[in-house]
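Here is a short report on one protein chain. Look over the sequence and the model first, then read on.

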Amino acid sequence: MSERSLSGHTMSGSERPSRAFAKNRTCREPGCNTKLSIYNSGKFCHRHEPMVVPRTRGRKIA
Ligand SMILES: [Zn+2]
């Protein structure tokens with residue numbers, strides 16, 4: 001997974017407002033300086049963001 005796929009592409013002309021978040025945000029995890037994507041609404045990088053998938057140990061959730 002590369003985040004560079006969008007770089008090298010310069011926007012010219014119209015600057016339309018896109019639904020993006022602030023630039024230059026970094027992961028909130030202490031010691032982690034990973035820059036967050038402007039499209040990442042979270043506060044953590046992909047490594048530190050809380051898992052949303054519940055771990056079920058053989059237990060069934062109805
Ligand atoms: Zn992080």
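What percentage of the 62 residues of the protein count as buried? The figure is 3%. This is a predicted model. The protein has 0 helices and 0 strands.

**Exposure**

Three residues can be set side by side. Each row gives the count of other C-beta atoms within 10 Å.

| Residue | C-beta neighbours within 10 Å | Class |
|---|---|---|
| Ala20 | 11 neighbours | exposed |
| Phe21 | 12 neighbours | exposed |
| Asn24 | 7 neighbours | exposed |

Why does Phe21 count as exposed? A residue is exposed if 12 or fewer other C-beta atoms lie within 10 Å of its own. Phe21 has 12 such neighbours, so Phe21 counts as exposed.

**Contacts across the sequence**

Ala20 comes next. Setting aside neighbours within four places in sequence, Ala20 is in contact with Ile38 and Tyr39. Ala20 and Ile38 are 18 residues apart in sequence. Their C-alpha atoms are 5.3 Å apart in space.

Now Phe21. Which residues does Phe21 touch, not counting those up to four places away in sequence? They are Ile38, Asn40 and Ser41. Phe21 and Asn40 are 19 residues apart along the chain. The separation of their C-alpha atoms is 7.2 Å. Ile38 is thus a contact of Ala20 and is also touched by Phe21.

**Backbone at Asn24**

Asn24 has a phi near 60°. That is a positive value in a residue other than glycine. Asn24 is also exposed, because 7 other C-beta atoms lie within 10 Å.

Terms used
Residues are numbered from 1 along each chain as its sequence is written. This is a predicted model: local features need pLDDT of at least 70, side-chain atom pairs count only at pLDDT 80 or more; totals for chains, interfaces and linings use all residues. Helices (H or I, at least four residues) and strands (E, at least two) are DSSP runs, numbered from the N terminus. A residue is buried if 20 or more other C-beta atoms lie within 10 Å of its own, exposed if 12 or fewer, and partly exposed in between; C-beta atoms are placed from the backbone. Two residues are in contact if their C-beta atoms, placed from the backbone, lie within 7 Å.
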